[in-house]
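Subject: Structure handover

Hello,

Here is the structure I promised you. Please open it alongside this email and follow along.

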Amino acid sequence: AATFDSNLLPGVDNQYEIGYSTNQRWKNISISNLLNLGQLSVDPVGAQNGSIYYNTTLNSFKGYASSTWSTISSLWNSSSTSIYYNTGNVGIGTAAPIAGKLVVNGTIDVSNNKITSVATPIASTDAATKGYVDAAGVSDTIYSLTANNGMYNNRIADMTPPAAYTEVCFKSGSTQYDYHSTSASTSGGNCVPGDVGYIIEADERSVNYWEMAKQTCLNYGMRLPEPFEWKLACKNAATWSLINMTGNWEWASNFSLPMFLGNDSGVESAIFGGSGCNYAGWNWVGYGTGYEHSNAFRCVR
């Protein structure tokens with residue numbers, strides 16, 4: 001039961017207390033150190049968990065829980081019925097937030113900007129940035145280069161290639177490039193992830209069979225070049241710091257086609273660079289007699 005002391009508190013006019021504590025004389029009304037209606041400049045002692053008061057030093061309410069005073073950082077002023085609490089979940093713009101702990105039905109605005117920082121997705125339900133989708137998703141359509149009459153939509157990937165390389169991109173009405181003398185990230189420079197373009201290694205790799213060359217590049221998330229990419233790079237090799245593009249043959253296609261030669265047949269793929277950038281031909285991926293060619297190659301993405 002609460003007690004009421006009708007005596008005025010020393011030095012305070014017209015202020016009374018219920019359940020008065022001898023540890024400290026609180027302003028205004030105190031109910032058994034649990035509810036304190038008034039203003040104090042310091043935390044009162046002798047409080048019980050669940051107590052609340054207004055701190056005039058911090059200009060904020062403070063609550064007592066787990067034997068500690070903590071600031072109640074903000075108060076929500078309701079101007080509509082757009083925020084709901086339902087079975088442990090919070091809904092903004094929805095009265096039935098059943099999809100998760102926080103469900104927002106509408107546009108999220110952060111300082112008049114869209115959300116731009118999203119972690120790399122690891123599941124099909126994770127969010128992703130446009131840059132990630134452009135780099136990791138759209139580049140998968142590179143194989144339309146040959147299959148769809150030369151349609152070109154490859155984009156610079158957000159990655160760190162395994163060796164020295166050059167980025168080539170097509171934008172703002174010009175062809176631009178960045179040379180990297182060592183393994184380095186593709187971010188920054190004239191060409192950035194998401195730009196239409198490609199990455200090509202600066203030097204060729206040792207000779208290997210076509211399928212083994214493809215396997216090597218795929219191990220690094222890359223592929224073989226297509227004829228357009230290889231020939232354009234060859235003709236700009238000096239400017240783009242590419243070496244050993246002529247004087248021997250390199251695989252220059254991810255595709256192989258059936259061919260007939262004389263009395264036998266097999267499957268071949270494109271090669272470039274024999275005695276110059278405009279030297280091209282086909283070499284056997286597999287032949288009717290079991291023969292196959294080996295050529296140098298370089299990886300592209």
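**A helix across two strands**

Helix H4 (residues 227–235) lies across S11 and S13 and runs at about 65° to S13. Some terms first. Helices (H or I, at least four residues) and strands (E, at least two) are DSSP runs, numbered from the N terminus. Contact means heavy atoms within 4.5 Å. Axes are lines fitted to C-alpha atoms, for helices over the stretch in contact, and angles run from 0 to 180 degrees between N-to-C directions.

This is a predicted model: local features need pLDDT of at least 70, side-chain atom pairs count only at pLDDT 80 or more, and totals for chains, interfaces and linings use all residues. Residues are numbered from 1 along each chain as its sequence is written, and side-chain values use heavy atoms, with hydrogens and water left out.

**The antiparallel sheet**

S11 and S13 belong to an open sheet of 3 strands, in the order S12-S11-S13, with antiparallel pairing. Two strands pair if DSSP finds at least two bridges between them. Strands S12 (174–180) and S13 (197–201) are the edge strands, and each pairs on one side only. From one strand to the next, the twist averages 20°. Strand S11 (residues 165–171) shares 7 bridges with S12. Thr166 has Tyr179 in S12 as its bridge partner.

**The mixed sheet**

Another open sheet has 3 strands in the order S8-S9-S10, and its pairing is mixed. Strand S8 (83–86) and strand S10 (102–104) each have a single partner strand, so one side of each is left without a neighbour in the sheet. S9 and S10 run parallel, joined by 3 bridges. Val90 has Leu102 in S10 as its bridge partner.

Ile92 is found in strand S9 (residues 89–92). Is Ile92 buried or exposed? Ile92 is partly exposed, with a relative accessible area of 35%. Buried means under 20%, exposed over 50%, and partly exposed in between (1.4 Å probe, protein chains only).

Ile92 also helps to make a nonpolar surface patch of about 490 Å², together with Ile83, Leu102, Val104, Ile108 and Val110. Patch residues have over 30% relative accessible area and no salt bridge; like charges are joined within 9 Å, nonpolar side chains (Val, Leu, Ile, Met, Phe, Trp, Tyr) within 5 Å. A salt bridge is a side-chain nitrogen of Lys or Arg within 4 Å of a carboxyl oxygen of Asp or Glu. Accessible areas come from the Shrake-Rupley method with a 1.4 Å probe; for residues, only the protein chains shown count as cover.

**The hairpin**

S6 and S7 form a hairpin with 2 residues between them. In the turn, Ser66 has a positive phi of about 55°.

Best wishes
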